[in-house]
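Work through the exercises below with the sequence and the model open. Each task is followed by a solution in steps.

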Amino acid sequence: MKDLNIGRNLIQYRRKRGITQEELAEHMGVSKASVSKWETATTYPDITLLPRLASYFHITVDELMGYEPQMTREEIRTLYRQLARDFAAKPFDEAQNRCREIVRDYFSCPPLLFQIGSLYVNYCSMAETPDKQNAVLKEALALFCRVQEAGDDAALKNQALHMEALCLLQLGEGAKVPKLLHTTARLNMAPESLLAMAFQQLGNQKEAVRTLQAGIYQAVVELMNLLPGYLALCQEDPAAQEETCRRALAVADIFQLETLHPSVLFPLYLAIAQHRAGCGQADQALEILERYCTLALSDIYPLRLHGDSYFTFLDEWIEDNLPRGSDLPRDEAAVRQSIADAVSDNPAFENLRQDKRFQAILHRLTP
């Protein structure tokens with residue numbers, strides 16, 4: 001929270017009105033010495049005088065005190081980057097305590113609370129024990145509930161609802177999720193096509209194109225996020241698994257996701273490799289793991305959301321509409337480590353561990 005500066009603000013508002021300390025003291029029914037002490041921060045006005053002081057200057061009590069309960073979008077982005085670095089580089093408890101201090105100071109700022117909750121979800125695995133990890137998830141859950149209660153942004157509240165569901169799943173409380181999401185689990189109607197038509201009617205061709213580009217991009221990313229889970233559910237149908245792999249890789253290639261959005265491909269490549277290893281297709285599993293490894297070690301860092309020669313207006317849209325801007329949820333060091341751990345600690349690849357190609361992949365991925 002920014003420091004409270006009643007004294008400095010009193011000087012500013014008094015001079016703006018062109019009155020002396022004596023005149024202010026007379027209006028407030030106190031001595032000139034009292035006003036002087038207020039302005040030098042030697043003492044503070046009695047709490048019962050704050051509403052009268054604020055009314056005199058035609059401002060709110062918060063403005064008088066210099067209290068700002070909300071952070072700007074840019075301040076939230078800057079703070080998120082700093083906290084993500086803290087979680088990646090400092091002891092977990094130290095980073096978490098810093099987050100708790102911020103939550104206490106800005107408990108009425110839903111956009112910030114949402115980002116703190118997201119940090120907890122993305123870094124809870126770094127807590128020392130499973131019990132601590134669950135405790136962190138429960139704190140995140142409480143923050144997402146707070147966002148839904150206190151927020152007035154419908155989109156943010158909907159995102160918080162889905163993050164609440166994610167926390168419940170990670171806590172092993174999946175039975176609560178269907179009821180929680182029943183109102184959103186209907187056929188989604190993307191608004192982008194209607195928005196684009198509206199912008200066209202207004203003669204704003206650029207905004208119409210930008211809106212549709214954003215809609216296409218989000219649909220592709222959402223599709224790629226759905227496919228690994230679907231692939232895992234098709235274990236009893238090898239033909240469906242192979243067709244899912246084929247279609248997923250085709251979409252990735254068509255939209256050039258290795259350069260456009262590489263981070264969305266790591267879970268997909270991993271799921272395909274796990275499927276093929278489980279089917280005894282060692283060569284095919286190693287082939288996709290080598291593709292995974294090559295992508296992880298390519299020139300994709302720092303990982304940022306961005307457009308390309310097809311999504312020409314996406315950079316503008318990301319900057320204007322996403323709370324974190326182009327930043328991804330986790331710090332780069334944490335991302336690199338998780339990419340390596342997803343292979344080295346994966347029991348699905350147990351039958352590949354003696355293979356020289358697999359050992360070479362592990363060696364290359366080791367930070």
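## Exercise 1: D93

D93 has a relative accessibility of 38%, so D93 counts as partly exposed. The model used throughout is a predicted one.

Task: Find which helix holds D93, and state how far D93 lies from E128 in sequence and in space.

Solution.
- Step 1. D93 belongs to helix α7, which covers residues 92–105.
- Step 2. Along the chain, D93 and E128 are separated by 35 residues.
- Step 3. From C-alpha to C-alpha, D93 and E128 are 9.3 Å apart.

## Exercise 2: Salt bridges within and next to α6

Side chains of opposite charge can pair when their charged atoms come close. The structure contains 25 salt bridges.

Task: For the pair R77 and E74, give the N to O distance, and decide for R77 whether the residue is buried or exposed.

Solution.
- Step 1. A salt bridge needs a side-chain nitrogen of Lys or Arg within 4 Å of a carboxyl oxygen of Asp or Glu. R77 and E74 meet in such a bridge, at 4.0 Å from N to O.
- Step 2. Helix α6 holds both R77 and E74, and the two are three residues apart, about one turn of the helix.
- Step 3. Buried means under 20% relative accessible area. R77 has 2%, so R77 is buried.
- Step 4. E74 has a relative accessible area of 43% and is therefore partly exposed.

Task: Which side chain does K90 meet in a salt bridge, and is that partner, D86, buried or exposed?

Solution.
- Step 1. The side chain of K90 pairs with that of D86, with 3.5 Å from N to O.
- Step 2. D86 counts as buried because its relative accessibility is 11%.
- Step 3. K90, at 40%, counts as partly exposed.

## Exercise 3: A salt bridge between two helices

Task: Identify the salt bridge partner of R357 and explain why the pair ties together parts that are apart in sequence.

Solution.
- Step 1. R357 bridges to E290, and their closest N and O atoms are 3.1 Å apart.
- Step 2. R357 sits in helix α20 (residues 356–365) and E290 in helix α17 (residues 282–296), so this pair links parts that are 67 residues apart in sequence.
- Step 3. R357 is partly exposed at 31% relative accessibility, and E290 is partly exposed at 27%.
- Step 4. Elsewhere, K206, E207, R210, E316 and D320 form one network through salt bridges that share partners.

## Exercise 4: The second largest pocket

Task: Give the space in the second largest pocket, and work out which helix gives the most to its lining.

Solution.
- Step 1. Rolling a probe the size of a water molecule over the atoms shows where empty space is left. For the second largest pocket, the space is about 210 Å³.
- Step 2. The pocket is lined by 13 residues, and those closest to its centre are R304, L328, R330, D331 and E332.
- Step 3. At least two lining residues come from each of α6 (73–89) and α19 (332–344).
- Step 4. With four residues, α6 gives the most to this lining.
- Step 5. Sorted by class, the lining has six nonpolar and seven charged residues, and no polar ones.

## Exercise 5: A nonpolar surface patch

Task: Which residues form a nonpolar patch on the surface together with L212?

Solution.
- Step 1. L212 lies in helix α13, residues 205–233.
- Step 2. The relative accessible area of L212 is 37%, so L212 is partly exposed.
- Step 3. I216 and Y310 join L212 in the patch, and together the three have about 270 Å² of accessible area.

## Exercise 6: Backbone geometry in loops

Task: State what the peptide bond from Y301 to P302 is, cis or trans, and locate the positive phi angles of A41 and Q256.

Solution.
- Step 1. The bond from Y301 to P302 has omega near -5° and is cis. P302 is placed in the loop between α17 and α18 (314–321).
- Step 2. A41 is not a glycine, yet its phi is positive, about 65°. A41 falls in the loop between α3 (32–39) and α4 (50–56), and is partly exposed at 42% relative accessibility.
- Step 3. Q256, also not a glycine, has a positive phi of about 50°. The loop between α14 (238–254) and α15 (257–260) holds Q256, which is partly exposed with 47% relative accessible area.

Methods:
Residues are numbered from 1 along each chain as its sequence is written. This is a predicted model: local features need pLDDT of at least 70, side-chain atom pairs count only at pLDDT 80 or more; totals for chains, interfaces and linings use all residues. Side-chain values use heavy atoms; hydrogens and water are left out. Patches are made of residues with over 30% relative accessible area and no salt bridge: like charges are joined within 9 Å, nonpolar side chains (Val, Leu, Ile, Met, Phe, Trp, Tyr) within 5 Å. Accessible areas come from the Shrake-Rupley method with a 1.4 Å probe; for residues, only the protein chains shown count as cover. Buried means under 20% relative accessible area, exposed over 50%, partly exposed in between (1.4 Å probe, protein chains only). On a 1 Å grid over the protein atoms alone, a cavity is a set of points where a 1.4 Å probe fits but cannot get out, and a pocket is an open set with protein on both sides within 12 Å along at least five of seven lines; lining residues have an atom within 4 Å of a point. Grid points are joined across faces, edges and corners, and a volume is the space filled by probe spheres set on the points. Ala, Val, Leu, Ile, Met, Phe, Trp, Tyr, Cys and Pro count as nonpolar, Asp, Glu, Lys and Arg as charged, and the others, Gly among them, as polar.
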